[in-house]
Amino acid sequence: MQAPQDRVGTGVAPGAGQTLAPGAGALQSSLRGEVVIAGGTEILRPPPVPPPVAELGPEVLRAMYRAMVLVRTLDTKMVVLQRQGRIAFYGPITGQEAATIGLAYAMRPEDWIFPALREAGVALVRGLELEAMVAQCFGNVRDIAKGRQMPCHYVHRAGNYYAMSSAIATQLPHAVGCAYASKLRREPVVSVACLGDGAVSEGDFHAAANFAGVWRVPCVFFCQNNQWAITVPYRLQSATATIAEKAVAYGFEGVRCDGNDVLAVYETARQAIEKARAGGGPTLVEALTYRILGHTTSDDPSRYRDEAEVAPWRERDPIRLFEERLREQGVLAAAEPEATAAWAKEQVEGAIRAVEGAPPPPLETLIEDVVAATPARLREQLAELRRAMARLGHDPLERSGH
Ligand SMILES: Cc1ncc(C[n+]2csc(CCOP(=O)(O)OP(=O)(O)O)c2C)c(N)n1
Ligand SMILES: [Mg+2]
């Protein structure tokens, strides 16, 4: 169930109110300063104006911890579901929770995020319901995207979370374009352009960074360098010692942080985002982390990677590091990790129970949403499909849940 929408912040806007092309939807409303975040797990909500790290109160620190545990729990469970044949595919974030959640808490609600594959935790923190996420992985009628995307390719319009595209780096010019629109409208809204280390070999990365530097747009490039792009290790991807230093070529600042330390990521991302908001132009943030599991459930890293390389990174598990720190500071009580794990398990299992049995999207949705009025030729194709399915013994009405 979608919870009622609640308004959590409003933007500014001299020059706002210009209209974009029809169909721009959420982009239009957000750039006009109408920021809403719908639904989601209230307990994870970040402060509307993220403060410097030293001023983060215990409630927010606890919320960050819960968000990390929830993402890990979702990952673990969804990988199992894939192995059981209940979903087709999954791309885990495991080991990268600090990078994902640190970024999520550093953004203001009115900011935009253009995700790559491993930012689902940002959608969760920005109000996407767990049930909607799980339904997306099943691709059933409860999926906002109507089963049209691969699993884990989320979209969350109310949270300014752009639809994830499989094609590496294509979101980066889009993010820069969105940031350019904010600049033209004099709106203090930042676009966060997410990428993996593999994306720096794509032309789109360089075009986006060049444009961002020349026009000093309010865009932060946020790279989760997990040191692998499927089977390709970082040393074969790029000859620079860091990804951060690539920013120099485009005339803006690059900064690397410990991607397994959620507070380091938070503060680095926050400073870059606030600098962009204040007119200081783009920054390339590199969160150095490690991909603990396979690229996705379709991958077997034992075929190309030595497990000895993984072991020290397992030791630096971002959730455990944060947990130890919070316990030392007296923010987490001794019993809290166990209670949080039980809470997260119930949240995830409850979401699966709620959506797994839902039917597939209606067959008609195959031809909807492409053009305003569905042309006759598409309706004919749908009728032909129904006839073919009937011939082959499928009942299209049953399959479509009608
Ligand atoms: C343009 C393009 N080329 C190749 C692929 C196949 N592909 C999917 S993910 C991936 C590697 C991505 O690595 P990285 O950017 O480091 O992100 P990570 O998966 O490590 O988070 C590749 C090559 C693709 N999806 N799009
Ligand atoms: Mg990578």
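This text walks through a sheet in a predicted model and then follows one of its strands, β5.

The sheet is open and is formed by five strands, which lie in the order β3-β4-β5-β9-β8. Their pairing is parallel. At the edges stand β3, residues 112-114, and β8, residues 253-258, and each of these pairs on one side only. From one strand to the next, the twist averages 20°.

In that order, β5 has β4 on one side and β9 on the other. Take the β4 side to begin with. Strand β4 covers residues 191-196 and β5 covers residues 219-225; the two run parallel and are joined by six bridges. Within this pairing, C194 stands opposite F222 of β5, and L195 has C223 of β5 as its bridge partner. The chain also links these two strands through a helix: β4, helix α7 (residues 203-215) and β5 together make a right-handed β-α-β unit.

On the other side is β9, residues 283-288, which runs parallel to β5 and is joined to it by six bridges. Here F221 has L284 in β9 as its bridge partner.

With both neighbours placed, the side chains of β5 can be sorted by direction. C219, F221, C223 and N225 point one way from the strand, while V220, F222 and Q224 point the other way. Are the residues of β5 buried or exposed? The strand is mostly covered, and seven of its seven residues are buried. This applies to both groups, including F221, which is bridged to L284 in β9, and F222, which stands opposite C194.

Terms used. Residues are numbered from 1 along each chain as its sequence is written. Chains are lettered from A and ligands numbered from 1 in the order in which they are written. This is a predicted model: local features need pLDDT of at least 70, side-chain atom pairs count only at pLDDT 80 or more; totals for chains, interfaces and linings use all residues. Two strands pair if DSSP finds at least two bridges between them. Helices (H or I, at least four residues) and strands (E, at least two) are DSSP runs, numbered from the N terminus. Axes are lines fitted to C-alpha atoms, for helices over the stretch in contact, and angles run from 0 to 180 degrees between N-to-C directions. A residue is buried if 20 or more other C-beta atoms lie within 10 Å of its own, exposed if 12 or fewer, and partly exposed in between; C-beta atoms are placed from the backbone. A crossover is right-handed if, with the strands pointing away from the viewer, the path from the first strand over the helix to the second runs clockwise.
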